[in-house]
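Biologist: I should be grateful for a close look at a single part of this chain, together with an account of how that part sits among its surroundings. Please keep to what can be read from the model itself.

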Amino acid sequence: MGDHKEQPLRVGAAVRRRRRSLDLTLAVVAQRSGLSVPFLSQIENDRARPSTGSLEKVADALRTTAVELLAAADPACSVDVVRAEIAEAGPDPRSRSLVRGHHQMHASEFTGDHEAGREFQYRNDQLMYVADGAVEIEAEGRAYRLGRGDTLYLTGGVRHRWRATVPDTRIVVVAVAEHIEAVRDRKR
């Protein structure tokens, strides 16, 4: 119960991501696949489920396979529980993903310190929340000291670095996923 793998898959977002990564319009995919633009739009918005044959036509038009599109599909669920004992470990043993799958939001928990000199710059907005301990975050040429319960919001594109100032510090980072085009040009 609550396991997203039991839910049907929504292939629309995978189709849209693939089409956009190739810089193709719906009209071009329609021409290549022999399917209509309205039908392709309905597929991308998960308002229509393509048959196996239609999905193969779309995959061919996108120079991939139906299997690859299904593997990249989002689970069709609105609720998913990620238990602490089975959460996916991040690339560093001191981090773990708090969200399973490919979604619009991504959240990770970091425990302890990391390479303090490492600079981060994310494409989209993010929120840093100090669950335990304290951190110092340098962003836009200023240093911010945060303690337990404090948050810092960073607009996409802001270069920053952080370090734990207390042992066993835990921070939660929630961000708009990289595959979402949420950043707009900003005039400075």
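Biologist: Which residue follows α2, and is its phi positive or negative?

Modeller: The model is a predicted one. Helix α2 is followed by Gly34, and the phi of Gly34 is positive, near 80 degrees.

The helix that precedes this glycine spans residues 26-33, and its buried residues are Leu26, Val29, Ala30 and Ser33. Because these four cover an arc of only 105 degrees around the axis, they lie on the same side of α2. Three other helices receive this side: the buried residues of α2 pack against α1 (12-21), α3 (37-44) and α4 (52-61).

The packing of α2 with α3 can be described in further detail. The angle between these two helices is about 110 degrees, and their axes are 9 Å apart. The pair is therefore roughly perpendicular, and the crossing is right-handed. On the α2 side, the contact is made by Leu26, Ala27, Val29, Ala30 and Ser33, while α3 contributes Val37, Leu40, Ser41 and Glu44. Leu26, Val29, Ala30 and Ser33 thus appear both among the buried residues of α2 and in the contact with α3.

To place this part in the whole, the chain contains five helices and 11 strands. Of its 188 residues, 36% count as buried. Among contacts in the chain with a separation of 6 or more, 65% are between residues 24 or more positions apart. A pair of residues far apart along the chain is Glu68 and Ala14: 54 residues separate them in the chain, whereas their C-alpha atoms are 9.0 Å apart. Glu68 belongs to helix α5, residues 66-71, and with a relative accessible area of 47% Glu68 is partly exposed.

The strands deserve a description as well. Five of them form an open sheet with antiparallel pairing, in the order β3-β4-β11-β6-β9. β3 (95-97) and β9 (151-154) stand at the edges; each has a single partner strand, so one side of each is left without a neighbour in the sheet. From one strand to the next, the twist averages 20 degrees.

At one edge, three bridges pair β3 with β4 (residues 105-111) in the antiparallel sense, and Ser97 stands opposite Ser108 in β4. β4 is in turn joined to β11 (residues 170-176) by seven bridges, again antiparallel; here Phe110 has Ile171 of β11 as its bridge partner.

At the other edge, β6 (residues 126-132) and β9 run antiparallel and are joined by four bridges. Tyr129 stands opposite Thr151 in β9, and the bridge partner of Gln126 is Leu154 in β9. In a regular strand, side chains alternate between the two faces of the sheet. In β9, Leu152 and Leu154 make up the covered face, and Thr151 and Tyr153 the uncovered one.

To return to the part requested: α2 has its buried residues on the same side, this side packs against α1, α3 and α4, and the helix is followed by Gly34 with its positive phi.

Conventions
Residues numbered from 1 in each chain as written. Predicted model: local features only at pLDDT ≥ 70, side-chain atom pairs only at ≥ 80, totals over all residues. Heavy atoms only, no water. Pairing = 2+ DSSP bridges. Axes fitted to C-alpha atoms, helices over the stretch in contact; angles between N-to-C directions. Buried < 20%, exposed > 50% of the residue type's maximum accessible area, 1.4 Å probe, protein only. Arc of directions from axis to C-beta. Contact = heavy atoms within 4.5 Å. Parallel < 35°, antiparallel > 145°, perpendicular 65-115°, else oblique. Left-handed = near helix turned anticlockwise from the far one by under 90°.
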